[in-house]
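Trainee: I am new to this one, and I would like to understand the words people use for it. Could we go through them together?

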Amino acid sequence: MQGFGNSAFNVQMTLRIRLGAQLFPGHLINNTKELKEMKIKTIITGMAMAAIACLSIMTTASCKKDDSSKSMKFSASAVQVGIGATQTVTVSNCTAPLTVKSSDEKVATVSASKTTITIKGVAAGSATISVTDANKLPGSIKVTVKEALSFDKTSLSVSAGKEGVINVKSGTAPYTVTVKDTKIATATVKDAAITIKGVAAGTTTLTVTDSKKVTGTVTIVVNK
């Protein structure tokens with residue numbers, strides 16, 4: 001298109017020069033000089049426009065690169081955790097080490113090891129975990145800390161070789177149970193009912209965890 005424009009310009013100027021030569025012979029030299037000056041101006045203008053176009057393309061490409069910057073990804077962008085319980089979140093598309101901070105450490109605390117973040121519930125409430133990687137790439141995780149699970153009894157006494165039952169009154173099934181010392185007592189769970197069996201005299205703790213990682217504890221006393 002540029003070559004076509006130059007050709008048309010040359011033809012136009014040639015006709016003007018010939019016409020001017022016929023009407024004003026003395027102006028031929030000036031017209032020839034005008035042609036050269038206008039051609040030079042046209043070339044300069046074309047180069048300037050090309051430079052502006054290139055700059056525009058480079059700027060657009062840079063913006064696209066910025067717009068497509070990678071974002072930090074989490075195995076869970078929002079978590080629920082019980083008081084005293086912990087929840088881990090794995091981070092990908094980032095560069096370790098990670099810097100983490102809780103918006104409210106009275107609700108939840110946080111620590112990081114390589115690309116794994118550990119969140120611990122402190123008190124019922126909500127908090128936001130801010131995450132920044134080595135390249136200053138930001139990210140965040142919403143945390144909800146719930147009250148501990150509640151039971152129909154806070155402690156259970158049972159004789160060795162005998163069984164007792166505790167019912168979970170809150171939380172979300174399914175539940176898992178863990179006895180701190182299985183030499184004293186064992187436990188099984190079905191729906192919201194937990195069956196405790198005494199093994200030997202002593203005192204131990206039963207921890208119950210629901211599907212949302214909310215926990216609760218019950219004291220188990222086994223008599224002879």
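Trainee: Which residue in strand 7 stands opposite Lys 101?

Mentor: Opposite Lys 101 you will find Ser 130. Keep in mind that this is a predicted model.

Trainee: What makes strand 4 and strand 7 a pair?

Mentor: Two strands pair if there are at least two bridges between them. Strand 4 and strand 7 (residues 125–132) are joined by four bridges, so they meet that cut-off. The two run antiparallel.

Trainee: Which sheet has strands 7 and 4 in its order?

Mentor: An open sheet of four strands, in the order 2-8-7-4 and with mixed pairing. Strand 2 (78–82) and strand 4 (99–102) are called edge strands, as each pairs on one side only. On average, neighbouring strands here are turned by 25° against each other, direction ignored.

Trainee: And what is the order of the open sheet with strand 9?

Mentor: There the order is 9-15-14-11, again four strands with mixed pairing.

Trainee: Why is one side of strand 9 and of strand 11 left without a neighbour in the sheet?

Mentor: Strand 9 (155–159) and strand 11 (176–179) stand at the edges and have a single partner strand each, so one side of each has no neighbour in the sheet. From one strand to the next, the twist averages 25°.

Trainee: How do you know that strand 11 and strand 14 pair?

Mentor: Count the bridges: there are four between strand 11 and strand 14 (residues 202–209), in the antiparallel sense. Since at least two are needed, the pairing holds. One of the residues to look at is Val 179, whose bridge partner in strand 14 is Leu 206.

Trainee: Why is Thr 215 called buried?

Mentor: Buried means under 20% relative accessible area. Thr 215 has 14%, so the word applies. Thr 215 lies in strand 15 (residues 215–223), and the residues Thr 215 touches include Ile 83, Leu 149 and Val 208.

Trainee: Which side chains along strand 10 point to the buried face?

Mentor: Gly 164 and Ile 166 point to one face and are buried. Glu 163, Val 165 and Asn 167 point to the other and are not buried. In a regular strand, side chains alternate between the two faces of the sheet.

Trainee: What makes strand 10 and strand 13 partners?

Mentor: Five bridges link strand 10 (residues 163–167) to strand 13 (residues 193–198) in the antiparallel sense. With at least two required, they count as a pair. Val 165, for one, has Thr 195 as its bridge partner in strand 13.

Key. Residues are numbered from 1 along each chain as its sequence is written. This is a predicted model: local features need pLDDT of at least 70, side-chain atom pairs count only at pLDDT 80 or more; totals for chains, interfaces and linings use all residues. Side-chain values use heavy atoms; hydrogens and water are left out. Axes are lines fitted to C-alpha atoms, for helices over the stretch in contact, and angles run from 0 to 180 degrees between N-to-C directions. Buried means under 20% relative accessible area, exposed over 50%, partly exposed in between (1.4 Å probe, protein chains only). Contact means heavy atoms within 4.5 Å. Lists of a residue's contacts leave out its neighbours within four places in sequence.
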